[in-house]
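Trainee: Got a minute to go through this one with me? I'd like to start with the sheet.

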Amino acid sequence: MTVPSQSFTRAEPVSPPGKGFSSFATIQNALNDPYVAPARVPIDGGGGAQPSHSHGRQRSQSLPGTQAPRVLQPFDREEIRILLLENVSQGAVSMLREQGFQVDFHTGSWSEDELVEKIGEYHAIGIRSKTHLSRRVFEAARKLLVVGCFCIGTNQVDLKAAGERGIAVFNSPFANSRSVAELVIGELVCLSRQLADRASEMRSGTWNKVSKGCYELRGKLLGIIGYGHIGSQLSVLAESMGMRVIYYDVLPLMPLGSAHQAETLEELLNQADFVTLHVPELPETRGMIGAKELAQMKKGSYLINNSRGSVVDLEALTDALASKHIAGCAVDVYPREPAKNGENAFTNELNPWTSRLQSQPNVIMTPHIGGSTEEAQSMIGIEVGNALCRYLNFGSSIGAVNFPEVTLRHITESEARAIRICYVHHNQPGALLAVNEIIGSHNVDKQSTDSLKDIAYLLADISDVSENDIRDIYTRLSKTPACILTRLLS
Ligand SMILES: NC(=O)c1ccc[n+]([C@@H]2O[C@H](COP(=O)([O-])OP(=O)(O)OC[C@H]3O[C@@H](n4cnc5c(N)ncnc54)[C@H](O)[C@@H]3O)[C@@H](O)[C@H]2O)c1
């Protein structure tokens, strides 16, 4: 069975001759030859409702009185091919196959040369952190529409080169929030009961039954610095264990439960029994907790850092532990971290304070595992898989990191003669005027556009268009001076 792709043209010099809708004949053949696609799992197109199937595909159930959305169709019959590297989650593989895409799955990463040789066959690629997508790779990616990074960061991708070619890049920055929040709960218990020290003593045969300096969490005050995805989830979990919560954030944020927002960082540090950091790495957060801030913390309080290694001055923390001002700490992130797992990877050579910190009592050091769970991996698969489907099927770029975020509510089943224009273009004067000259004589049902630096993206739904209109719109849009990439979905 052939699986259809979406027709598109990337503006010269990007698009080689004969690609996309380069001729009327291609469009005509496609329009006269509607395909019957395999059943697709409904994916929300970003318009807030679940799409159903059309053009011979099954419709999903819609509520009485609501308009069923329509899964948008490409014009030509070329199958959409997706390359998945680095053993991305099987959930994502299944989701993309159920959508009818042709998925090639590989467990390893590919070198730049391998990518350059083969990337030209693919419309989408999914990677994790080991595959580097360089400018050279993007230059060879003549059909590529979208990249899915099945991980948190996107450092491995030349985002600028991708954006210049109209290729959207998605990742999953928040899929492991719950994993981090749960780890902090575990660390709170471990620190307040000196669990790491007792467990380590028992491994060497030492029986040391003590209650002095060991506490319940109930009634204690947790200070959360950074009340975002992780901090706010942690707030709810901590309250459910009987803790009180105070938080500090640069933004005024609605408290969850009975939490209370501190006016200043110092106010939080002065009061909290436990302080935990959940801020991003920014110039303002670099060295945010140093000797001065540690001195502002209550004597006998605890510090947890699962955010970024640059946020806490670990030398100053070691001093505060040695002086017993701080009763314990849990650290998951470091200024310099080993490139790979192995013995003797984490020594004074990497960070000069290492052995001093290791020798302090009630210290829990973990190797950046805050977000490392099976569930987080699976959530990443679902989130990035969905983003790829939404972009390919509906043009929705919500969540893209290198690209303007634009979406439109869905086209419904009753709008049979409507099409969606996905137009990536240079952000330059006159670009939208040129588009409106082309589509202005049609009924533009809805339209949305945004720009991010040099790249702009427009989605527009046009109703009651004939086959001739579609050909004309497509050809003229592809020839506009600002065009980077034009796709039409119907
Ligand atoms: N240890 C791990 O494995 C792991 C896993 C996931 C995330 N993280 C890290 O955790 C941190 C938090 O992640 P998140 O998903 O909750 O981020 P987020 O963006 O959802 O929340 C961060 C919060 O910090 C606030 N903030 C920014 N600057 C601040 C400042 N100077 N003072 C106070 N608040 C400030 C922001 O307003 C925001 O509310 C990030 O640094 C992330 O990289 C670590």
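**Sheet, helices and ligand shell**

Mentor: This is a predicted model. It has an open sheet of seven strands in the order S9-S8-S7-S10-S11-S12-S13, and the pairing is parallel.

Trainee: Which strands stand at the edges?

Mentor: S9 (260–261) and S13 do. Each has a single partner strand, so one side of each is left without a neighbour in the sheet.

Trainee: How many bridges between S7 and S8?

Mentor: Five, in the parallel sense, between S7 (residues 221–225) and S8 (residues 244–248). To find your place in that pair, look for Leu222, which stands opposite Val245 in S8.

Trainee: And what lies across S7, S8 and S10?

Mentor: Helix H8, which runs at about 165° to S8. H8 covers residues 229–240.

Trainee: OK, the ligand. Which residues are closest?

Mentor: Gly226, Gly228, Ile230, Gly370 and Gly371 are the closest, out of 30 that surround the ligand.

Trainee: Which helix gives the most to that shell?

Mentor: H8, with three residues. H6 is also in there: H6 and H8 each supply at least two residues.

Trainee: How does the shell divide into nonpolar, polar and charged?

Mentor: There are 12 nonpolar residues, 13 polar and five charged.

Trainee: Back to H6. How far does it reach from its first C-alpha to its last?

Mentor: H6 (residues 177–192) reaches 23 Å with its 16 residues, close to the 22 Å expected at 1.5 Å a residue.

Trainee: Which of its residues are buried?

Mentor: Ser177, Ser179, Val180, Ala181, Leu183, Val184, Glu187, Leu188, Leu191 and Ser192. A general point helps when reading such a list: an α-helix has 3.6 residues a turn, so residues three or four places apart point the same way.

Trainee: What covers them?

Mentor: The cover includes helices H8 and H13 (374–394), along with strands S10 (274–277), S11 (301–305), S12 (326–331) and S13 (363–365). Those four strands are also part of the seven-strand sheet.

Trainee: What phi does Gln194 take?

Mentor: A positive one, about 55°, just after H6.

Trainee: Different topic: S17. How many of its residues are buried?

Mentor: Seven of its seven, so to speak for residues 483–489, and the strand is mostly covered.

Trainee: In which sense does it pair with S14, parallel or antiparallel?

Mentor: Antiparallel, over six bridges, with S14 being residues 419–426. In that pair, Val424 stands opposite Leu485 in S17.

How values were computed: Residues are numbered from 1 along each chain as its sequence is written. This is a predicted model: local features need pLDDT of at least 70, side-chain atom pairs count only at pLDDT 80 or more; totals for chains, interfaces and linings use all residues. A residue is buried if 20 or more other C-beta atoms lie within 10 Å of its own, exposed if 12 or fewer, and partly exposed in between; C-beta atoms are placed from the backbone. Two strands pair if DSSP finds at least two bridges between them. The expected span of a helix is 1.5 Å times one less than its number of residues. Two residues are in contact if their C-beta atoms, placed from the backbone, lie within 7 Å. A residue is near a molecule or strand if its C-beta atom, placed from the backbone, lies within 6 Å of it. Ala, Val, Leu, Ile, Met, Phe, Trp, Tyr, Cys and Pro count as nonpolar, Asp, Glu, Lys and Arg as charged, and the others, Gly among them, as polar. Axes are lines fitted to C-alpha atoms, for helices over the stretch in contact, and angles run from 0 to 180 degrees between N-to-C directions.
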